[in-house]
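Student: I have a model open and would like to learn how to read its features one at a time. Where should we begin?

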Amino acid sequence: MRRLLDLLFPERRNSAVIAKDRLKIVLAHERASRDAPDFLPALQKELLEVVARYVEIRSDMIRVNVGQSGDTSLLEINVEIDGAKAKPVKNRAAPVTRPPQPTPRFEPEAAAPWVKQSG
Amino acid sequence: MARVIVLTSGKGGVGKTTSAAAIAAGLALRGKRTVVIDFDVGLRNLDLVMGCERRVVFDFINVINGDAKLNQALIKDKRNDNLYIFPTSQTRDKEALKRDGVERVLEELKENFDYIVCDSPAGIEHGAITALYFADSAIVVTNPEVSSVRDSDRILGILASKSRRAEHNLEPVDVHLLLTRYSLERVKKGEMLSVEDVKEILSIPLLGVIPESESVLRASNTGTPVAFDGESPAGRAYLDAVARFVGEQREMRFVQPERRSIFRTLFGRA
């Protein structure tokens, strides 16, 4: 409703309202990144290097975030693989010889091993 | 037990020094033994605002370096026996403010004072971090304006993570919002963030609202902390803020409820 009104009567929004909305958005962003641990950029870079050995990937296709779910900290790693274009085996750093491993499942309910338990 | 209070803001020019002088004066008027320390190394100004610029002999850095004793550097206010001013140095070496030296000086001050008011420099560099590091309470001075509110939020983050209390897992620094240069007229016209807006965004308790007032400039012109001018709107607002700080209930002045436009009343805040 408000958006519609803003669209119809843009001059209705006074500058204080604009200031408040802009602040809320920028601070939500800044607060989220402020609490992020310092190792995130390095982790992101190294993950990218490893994944890039196997598939073609650009730096913007990996996103690493630390979030909160109840009492549990979540390290969330999103890797977007564009059409899963695998690189030829000879380019890989190490040939895959191990038998297939069960896919590790991330269970948000349980505390992840890297989460320091408080209390 | 003496309490260390830092006046901080991140952004410059919002009224930290004016507020530090006024709050220290207000505490002294209530009979509390109070010292106000200038942490803005290289840009000394608290002495001017307090009207004791011609009495500075030794400074904070001299005491830290052991070149002067504390009682040689402290300047006793001529208007109130409970109030002392501790000026900073005009050196350009900002790193001169060593953390262990500051800690030693604060410990010594704690033996003689009820309140130690620290006037922080602007920014988030060494001086500002040192000023807030030892704080028990922080008064975050904020103007109702976007860059000031954003910087205050940043400083709140630093208080919560980089202060001594945070680093030692002690009870967190007790934070207060002091909204300065407030103009009710402009808020009513929708040209300025309201007290409620800023409180909502920063979500910390409000210590006081200081109206934009001619008396502030008049006070700094004459080197009188504005709280000594109990007749002026800003002086009264500071005295109220100090009363709240020591635990008294005082109604907020200069902040009537927001007037809602007919349009917003009709359609609510959907």
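Tutor: Begin with its origin: this is a predicted model. After that, take one chain at a time and list the elements.

Student: How many helices and strands does chain A have, and in what order do they run?

Tutor: Chain A has 3 helices and 2 strands. From the N terminus the order is α-α-α-β-β.

Student: How are the strands S1(A) and S2(A) joined?

Tutor: Look at the direction and the bridges. Strand S1 (residues 62–69) of chain A runs antiparallel to S2(A), and 8 bridges join them. One place to check the register is Gly67(A), which stands opposite Leu74(A) in S2(A). The two strands form a hairpin with 2 residues between them. In that turn, Gly70(A) has a positive phi of about 65 degrees.

Student: What share of chain A counts as buried, and what does chain A expose?

Tutor: Of its 119 residues, 16% count as buried. The exposed area of chain A is about 9400 Å², and carbon and sulfur atoms supply 56% of that. For the contact pattern, take the contacts in chain A between residues at least 6 apart in sequence: 43% of these join residues at least 24 apart.

Student: Which residues of chain A make a nonpolar surface patch?

Tutor: Ile77(A), Val79(A) and Ile81(A) make one of about 220 Å². Ile81(A) sits in the segment after strand S2 (72–79) of chain A.

Student: Why does Ile81(A) count as partly exposed?

Tutor: The classes depend on relative accessible area: under 20% is buried and over 50% is exposed, with partly exposed in between. Ile81(A) has 40% relative accessibility, so it counts as partly exposed.

Student: Now chain B. What is the strand order in its open sheet?

Tutor: Read a sheet from edge to edge, not along the sequence. The sheet has 8 strands in the order S3-S4-S2-S5-S1-S6-S7-S8, and the pairing is mixed. Its edge strands are S3 (75–76) and S8 (206–211) of chain B, each of which pairs on one side only.

Student: In which sense do S6(B) and S7(B) pair?

Tutor: Strand S6 (residues 137–142) and strand S7 (residues 174–182) of chain B pair in the parallel sense, over 6 bridges. Ala138(B), for instance, has Val175(B) in S7(B) as its bridge partner.

Student: Which strands does helix H10 of chain B lie across?

Tutor: Helix H10 (residues 195–202) lies across S6, S7 and S8 of chain B, and runs at about 150 degrees to S7(B).

Student: Where is Glu191(B), and what does it touch?

Tutor: Glu191(B) is in the loop between helix H9 (184–188) and H10 of chain B. Leaving out residues up to four places away in sequence, Glu191(B) touches Ser15(A), Ala16(A) and Arg186(B). Its relative accessible area is 37%, so Glu191(B) is partly exposed. Sequence separation is a further check: Glu191(B) and Glu145(B) are 46 residues apart along the chain, and their C-alpha atoms are separated by 9.9 Å.

Student: Which residues have a positive phi without being a glycine?

Tutor: Two cases are Asn169(B), at about 55 degrees, and Ser203(B), at about 40 degrees. Asn169(B) is in the loop between helix H8 (164–167) and S7 of chain B, while Ser203(B) is in the loop between H10 and S8 of chain B.

Student: Are Asn169(B) and Ser203(B) buried or exposed?

Tutor: Apply the cut-off of over 50% for exposed. Asn169(B) has 71% relative accessibility and therefore counts as exposed. Ser203(B) counts as exposed because its value is 58%.

Terms used. Residues numbered from 1 in each chain as written. Chains lettered and ligands numbered in written order. Predicted model: local features only at pLDDT ≥ 70, side-chain atom pairs only at ≥ 80, totals over all residues. Heavy atoms only, no water. Pairing = 2+ DSSP bridges. Helix = DSSP H or I, 4+ residues; strand = E, 2+ residues; numbered from the N terminus. Contact = heavy atoms within 4.5 Å. Axes fitted to C-alpha atoms, helices over the stretch in contact; angles between N-to-C directions. Patch = residues over 30% accessible without salt bridge, like charges linked within 9 Å, V, L, I, M, F, W, Y side chains within 5 Å. Areas by Shrake-Rupley, 256 points an atom, 1.4 Å probe, with all protein chains shown as cover. Salt bridge = Lys/Arg side-chain N within 4 Å of Asp/Glu carboxyl O. Buried < 20%, exposed > 50% of the residue type's maximum accessible area, 1.4 Å probe, protein only.
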